[in-house]
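Me: Could you take a close look at one part of this model for me, the mixed sheet and what sits around it? I'd like a connected walk through the pairing, the packing and the ligand shell.

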Amino acid sequence: MKFLIIGAGLTGSVIARVLAESGFQCRVIEKEKHVAGNCHTDRDPQTGILKHHFGPHTLHSDNSRVWQFIESFTSIEPYRHRKRAWVKGRAYPFPINLETVNAFFDEQLTEDNIATFLEAKAAPFYTDSPANFEDAALASLGQELYEGFFKGYTNKQWGRDPKDIPASVFRRLPIHFKKDSNVFHHKRQGQPREGYTKLVEKILAHENIQLENGRRFSRTAPTDEFRHLFYSGPLDEFFDYSYGRLPYRTLRFEHEVRRGTFQDCGTVNYCDEEIPYTRIFEHKHFSPWESFPEETVITYEYSHECSGNDRPYYPIHLSGQNSLYEKYVARAKEETRTSFVGRLGTFRYIDMDRAIEEALLAAETTVSCLTNGTAIPTFFHN
Ligand code: UDP
């Protein structure tokens, strides 16, 4: 029995690996020349620095199974993600924490009184059910912090007023009432020693997996030799955009090689609306076990609406407007031999650990369906 897996990102590769280890033949087709999708990393030819081609990626998870799975293919080096936010000519620790608030308001608050200080700032905007990003940010931090750190950045990032962005996007960001500039607090955090592309290549290196790079999937090509398809490309593309395009933001990157070191952490967010880029990454900070004191690679990130052949990054779920997505889901459920998986196949923004967790579940569910003679689900997530 054979499976066809479309896309050699993390999702497609993990599904292929689990099925291959269960004794099934898998053909994986990937339109790009490289595997690993958006977490593609390679070495910059000029400096040798490990470069996160489509934006930096970091592993962080509380799921020990996911971690063990990754560790069975690569060693994971310690890495704690740190960011700064640039607001009106000054860099602040970010996510917002005690130090940020003290520096921004020129205060000397402590862990004991910061909550009262912020409550007073947020009190005029109080709501226990914020309807959108702006309401959530104002109700949590008040006007000055919202306007300094979030309003301009969110406008640039999403190309929309923060009132149209769901409150859940704001809730992705932690706020700390102590001096703590860690972005993540998961039990396990790190980076694969040789980068993500090498990790995915190892996941795919199995005698039951046949990988074809540089090949686009077409629904009109015969697929009868396959028992089932797993599609991790964009959901709307599978149906030739027949109901119109699902909205995405895409990113444009400008890479530069420079002397020395540019900034003191991996990512600096530029929150002012007048600055056209959203962030600058400095790649060598993402591999702190390697040393490149003389040279550096930095990347300016610009966000804009996705169209044509742009690469889709952030699915846009506007408050109360999901009908197009729901139409595609209903259409997908009519397919009997295809499952839609991963970030693009399900039109969700998911972290890498979640993508791996869901891919493990999808492959294992498939094996039990085959054993029990039940139908393989179209979607595996809730
Ligand atoms: N955000 C912001 N200012 C920042 C960082 C984030 O306004 O300095 C907003 C922005 O709308 C973003 C959301 O918070 O989309 C979630 O941020 P996160 O850091 O999770 O975005 P990601 O790193 O996934 O792009």
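Reply: Happy to. A word on terms before the strands: two strands pair if DSSP finds at least two bridges between them. Helices (H or I, at least four residues) and strands (E, at least two) are DSSP runs, numbered from the N terminus. Residues are numbered from 1 along each chain as its sequence is written. Please keep in mind that this is a predicted model, in which local features need pLDDT of at least 70 and side-chain atom pairs count only at pLDDT 80 or more, while totals for chains, interfaces and linings use all residues.

Now to the sheet itself. Its 7 strands form an open sheet in the order β8-β7-β13-β14-β15-β12-β16, with mixed pairing. At the edges are β8 (90–94) and β16 (314–315), each of which pairs on one side only.

Let's start at the β8 edge. Strand β7 (residues 83–87) is joined to β8 by 5 bridges, and the two run antiparallel. There, V87 stands opposite R90 of β8. Helix α6 packs on the sheet, touching β7, β12 (248–259), β13 (267–270) and β15 (295–305). Here, two residues are in contact if their C-beta atoms, placed from the backbone, lie within 7 Å. The direction of α6 makes about 95° with that of β7; axes are lines fitted to C-alpha atoms, for helices over the stretch in contact, and angles run from 0 to 180 degrees between N-to-C directions.

At the other edge, β12 pairs with β16 in the antiparallel sense over 2 bridges, and R249 stands opposite Y314 in β16. Strand β12 is also joined to β15, by 11 bridges, again antiparallel. In that pair, R259 stands opposite E295 of β15.

The helix on this sheet also brings us to the ligand. Which helix gives the largest share of the shell around the ligand? That is α6 (residues 143–158), with 5 residues. The full set around the ligand is A85, F94, F149, F150, Y153, T154, Q157, V169, R172, L173, N269 and C271; a residue is near a molecule or strand if its C-beta atom, placed from the backbone, lies within 6 Å of it. By class, the shell has 8 nonpolar, 3 polar and 1 charged residues. In this sorting, Ala, Val, Leu, Ile, Met, Phe, Trp, Tyr, Cys and Pro count as nonpolar, Asp, Glu, Lys and Arg as charged, and the others, Gly among them, as polar.

For comparison, here is another sheet. In it, 5 strands form an open sheet in the order β10-β2-β1-β11-β17, and the pairing is parallel. Its edge strands are β10 (209–213) and β17 (338–340), each pairing on one side only. From one strand to the next, the twist averages 20°. Strand β11 (residues 228–231) is joined to β17 by 3 bridges, and they run parallel. The bridge partner of L229 in β17 is T338.

One helix pair rounds off the tour. Helix α4 (residues 114–122) and helix α5 (residues 133–141) pack at an angle of about 135°, with their axes 5 Å apart. That makes α4 oblique to α5, since angles under 35 degrees count as roughly parallel, over 145 as roughly antiparallel, 65 to 115 as roughly perpendicular and the rest as oblique. In this contact, L118, K121 and A122 of α4 meet L138, A139, S140 and L141 of α5. These residues divide into 5 nonpolar, 1 polar and 1 charged.
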